[in-house]
Every structure is written in structure tokens, then in C-alpha cells.
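I opened the model today to look up its contacts. My notes follow in the order in which I looked.

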Protein chains: 2
Amino acid sequence: MTKKLGPRERILETASRLFHSQGYNNTGINQILAEANVAKASLYQHFGSKDDLGVIYLKQGREEWFAGIEQWTGSKKAPGQKLSACFDFLEYALQKDNYLGCKFINMLSEIGSSSPLMSKEIIEHKGKLRQYMKGFVEKALEGNGDLDIDFVGDSIYLLYEGAIIESKIYRDTWPVKKARKMAEMLLKRV
Amino acid sequence: MTKKLGPRERILETASRLFHSQGYNNTGINQILAEANVAKASLYQHFGSKDDLGVIYLKQGREEWFAGIEQWTGSKKAPGQKLSACFDFLEYALQKDNYLGCKFINMLSEIGSSSPLMSKEIIEHKGKLRQYMKGFVEKALEGNGDLDIDFVGDSIYLLYEGAIIESKIYRDTWPVKKARKMAEMLLKRV
DNA sequence: AATTTTATAGACAGACTTGTCTATTTAAAA
DNA sequence: TTTTAAATAGACAAGTCTGTCTATAAAATT
């Protein structure tokens with residue numbers, strides 16, 4: 001029943017899996033080609049270079065991430081519930097991928113400053129996520145006059161990011177659970 | 001006036017600089033040897049392999065980190081002040097290294113599960129840091145009977161780790177400043 | 001002063017890397 | 001059916017990587 005995927009899709013699917021699980025630098029073009037059953041010329045036809053493939057990998061990762069988080073927040077009505085759903089989605093996603101951590105943070109550690117295109121993609125993704133979460137915090141706290149909503153929003157964002165990296169280190173969900181609980185506390189009792 | 005360093009020290013110093021700034025996988029043995037002015041045989045005499053060198057690099061990084069943080073917290077008396085000093089040290093350290101991020105998190109992203117020895121070192125370092133900060137939180141909050149001190153301690157730890165990674169992404173100190181402020185709020189008004 | 005340890009320089013093996021190129025085959029469009 | 005486009009297989013270049021080895025020179029020790 002699965003539609004037959006073209007070479008481009010097979011490359012992207014395989015690269016995504018390998019980049020995430022083994023790392024970008026530890027994954028050679030040849031391994032991608034072998035596991036995707038694609039000829040080398042096809043890869044360089046569809047993607048100009050490994051660096052370009054990395055950029056597309058990140059672009060696709062961003063789309064999937066926001067599609068996923070939208071799915072989890074979409075079913076909630078109150079902004080506070082939507083924010084909690086962000087943490088629930090995170091817990092689900094990290095567990096599903098066996099605690100491989102964040103594609104974007106992992107890549108940033110690997111490339112350093114050697115790929116401006118990938119760096120740009122990573123920074124944009126995180127900036128978008130930051131705004132996304134702050135949007136819920138603003139709605140949840142609107143009316144609370146003198147409160148520094150920006151400060152609370154960024155604190156929750158930092159808890160979220162901290163939870164991502166610590167879940168990878170400890171291979172456990174406790175960081176997400178605790179970050180979520182603290183985020184809820186900050187919304188309610190500030 | 002600087003003491004002449006032996007080959008072992010020169011290797012470690014150079015490797016530390018290059019691993020941190022370029023990444024582990026992007027730094028070849030030969031580059032380390034060239035910049036440290038050391039013969040290849042000397043490297044394999046003092047360190048058995050590149051992996052071993054990585055482990056020693058992390059061990060030394062841990063020692064330097066805790067020596068540094070001790071220096072900043074040591075001059076403070078109240079546990080709340082000591083905790084704030086942890087954030088001040090972080091801000092100083094990240095700026096000093098031009099926002100290269102955390103040696104341990106960077107390495108973890110690079111090696112994946114390919115080096116159990118390095119993984120162990122990284123997990124131990126972070127576990128020790130977690131306990132170190134929780135110690136201050138416990139002392140600062142002792143007496144506050146029913147309060148879940150463990151929960152507050154881990155929340156502050158997550159803010160700290162989030163600040164590390166976000167400072168790297170945005171190349172700015174705002175994550176540390178905001179995390180510090182939130183940590184202080186949690187200690188005072190919880 | 002003679003001997004042992006330590007460091008140096010660099011060739012070399014073997015395997016890996018990205019990217020290019022040729023030649024052939026399959027698939028789609030005219 | 002003929003023609004045009006897309007995919008395949010794989011050799012190849014030029015470079016990288018870690019790690020081993022030999023031979024020589026400098027230091028430290030006896």
C-alpha cells in the first residue's frame with residue numbers, strides 16, 4: 001500500500017534517519033546511497049552537495065516538527081493547555097526517537113561555523129519555536145498588567161530547551177515532566 | 001616566564017582548543033601535532049588513541065569547570081548568592097570562549113553512542129553539576145517544610161542548561177541573564 | 001662518560017571521504 | 001514508435017583520516 005518513493009524521497013528519508021541517529025559527519029554519502037538504493041549521480045542531481053542535503057534535511061525537520069506540535073496543541077483550547085501540549089509532544093517525540101536529542105542542536109554542535117546555510121536554518125527554527133511558545137504565554141497571561149510576560153515566556157522556553165538536552169543526556173523523560181510542571185506553575189501563580 | 005611545557009601538556013592544550021572550537025570530528029590528529037609541535041609517536045605514547053585523548057580532554061574540562069565555578073561561588077556566603085554566582089560564572093565562561101557552547105554537550109552530539117568512555121564522562125559531569133546546584137537550592141530553601149525542593153532544584157538546573165545551549169544559538173548572554181533572574185525568583189518567592 | 005629513556009621526523013598502510021565522470025538501462029513523453 | 005529525460009552502476013580522482021613503523025636526535029639517569 002505504500003506508494004513507491006522516487007530517488008529524491010528515498011535519499012531524504014534515509015539521510016534523515018542516519019543524520020539523526022549517527023550524526024552528520026559520521027554518515028557518508030555512500031552509506032546513504034546504499035541504504036536508499038539510489039545511484040550516486042541521482043543524489044548529486046537532486047541535491048548539489050552534502051551540505052545542501054543537510055540544509056534540506058533541516059528544512060524538512062522543521063516542517064515535521066511544527067506539523068507535529070500543531071497536531072498536539074490544535075486539540076486544546078486554552079492557551080495554558082496548548083503550552084502544556086507542547087511539552088507533551090516533546091515527551092512523545094523524544095521517546096519515539098529513543099532519546100537522540102534535537103536534530104538542530106546536534107547539527108549545530110557538529111558543523112560549528114563551517115556551514116552558514118545550516119546555521120541559518122537552525123537559528124531560524126529555534127527563533128520560530130521561541131515565538132511560538134511565547135505566543136501561548138502571552139495569551140495565557142494577558143490582562144496581568146505589570147507582569148513581565150516576555151520574561152516568563154523566555155523562562156519557559158529555556159526550560160523547554162533544557163528539557164530537550166537533558167532528556168538526551170539522562171535518556172529519561174523526567175526533565176520534560178519537571179519542565180512542564182514548572183511551566184504550568186509559572187503560568188498559574190505568577 | 002611561562003614554564004616550558006612537555007609534549008603531553010602541549011598536546012592536551014592544543015587538542016582542547018581545537019576540539020572545542022572546531023569540534024572533535026573536524027579536528028585531525030595531524031593538525032593537533034602540527035600546532036602543538038609534537039611528533040606523532042609522542043601522541044600515541046602518552047595517549048593510546050584519539051578516543052582516549054577525547055576522554056582525557058573531557059576529564060580535564062570537568063576539572064577546569066568545577067575549579068572555575070568554585071572560584072565564583074567561593075567568595076559568596078549565602079547559598080542563594082552562591083547559586084547566582086553559578087550563573088555569573090556561566091556568563092563569563094561563555095563570553096570568554098566566544099559562545100562555543102558546552103564542551104560536553106557538543107561532544108555528545110558528535111559521538112552519539114560510538115564512544116562509551118566519553119559518554120560516561122559526559123553523563124558524570126552533568127550529574128555532578130546537577131547535584132552541585134541542587135546543594136545550594138537545598139540550603140537556600142531548608143526549613144520551607146512542604147516545598148518540593150528537588151523539583152525547584154531541577155527546574156533551576158534545567159534553566160541553567162537551557163541557558164547554555166541557547167547562548168550558543170543566539171550568540172548572546174540574554175538566556176543566562178533571564179535564567180538567573182528566574183532562578184532567583186524561584187528561590188525567593190516560592 | 002656511558003647508557004637508557006624520551007622525543008622527533010616522516011614514510012607508509014589501509015581505509016575512508018566528497019564529488020566527477022562515463023556508459024548503460026529504464027521510464028516517460030512526443 | 002521514436003525521442004527525450006531520468007536513473008543506475010561503478011570506476012576514478014584527490015584528498016582526508018587514524019594508527020604503525022623505522023631511524024635518528026636530544027635528555028636524563030646511572
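**DNA strand C.** I began with A:Lys40, where a side-chain N or O atom is 2.7 Å from a base oxygen of DNA strand C. This is a predicted model, so I take the distance as computed from the prediction. I then turned to the phosphates. A polar backbone atom of A:Lys50 is 2.9 Å from a phosphate oxygen of DNA strand C, and a polar side-chain atom of B:His46 lies 3.3 Å from a phosphate oxygen of that strand.

Which residues come nearest to the strand? I noted A:Ile29, A:Asn30, A:Lys40, A:Lys50 and B:Ser42, out of 17 residues around DNA strand C. Of the strand atoms that come within 4 Å of the protein, sugar and phosphate account for 63%. By class I recorded 7 nonpolar, 7 polar and 3 charged residues on the surface near DNA strand C. In chain A, helix 2 (29-36) and helix 3 (40-46) each supply at least two residues of that surface, as do helix 1 (7-22) and helix 3 (40-46) in chain B.

**Chain B against chain A.** Next I looked up the contact of the two chains, which takes 37 residues from chain B and 37 residues from chain A. They bury about 3,500 Å² between them, with 67% of it on carbon and sulfur atoms. On the chain B side, B:Phe151, B:Leu158 and B:Ile169 lose the most area to chain A, together 19% of what that side buries.

I found 4 salt bridges between the chains. One of them joins B:Asp150 to A:Lys178, with the closest N and O atoms 2.7 Å apart. The count of residue pairs in polar contact is 17. Which helix of chain B gives the largest share of the side that touches chain A? I put down helix 8, with 15 residues. By class, this side of chain B has 18 nonpolar, 7 polar and 12 charged residues.

**Domains of chain A.** Last, I checked the domain assignment, which gives domain 1 (1-48) and domain 2 (55-189). Their centres, taken over C-alpha atoms, are 28 Å apart. I see 10 residues of domain 1 in contact with 12 residues of domain 2. The area buried between the two domains is about 1,000 Å², and carbon and sulfur atoms give 63% of that area. In domain 1, A:Leu12, A:His20 and A:Tyr24 lose the most area to domain 2, together 57% of what that side buries. I count 0 salt bridges between the domains and 3 residue pairs in polar contact across their interface.

Key. Residues numbered from 1 in each chain as written. Chains lettered and ligands numbered in written order. Predicted model: local features only at pLDDT ≥ 70, side-chain atom pairs only at ≥ 80, totals over all residues. Heavy atoms only, no water. Domains from an automatic or database assignment. Contact = heavy atoms within 4.5 Å. Buried area = accessible area lost by both parts, 1.4 Å probe. Salt bridge = Lys/Arg side-chain N within 4 Å of Asp/Glu carboxyl O. Polar contact = N/O pair within 3.5 Å; in protein donor to acceptor, adjacent residues only side chain to side chain. Near = heavy atom within 4 Å. Helix = DSSP H or I, 4+ residues; strand = E, 2+ residues; numbered from the N terminus. Nonpolar A, V, L, I, M, F, W, Y, C, P; charged D, E, K, R; others polar.
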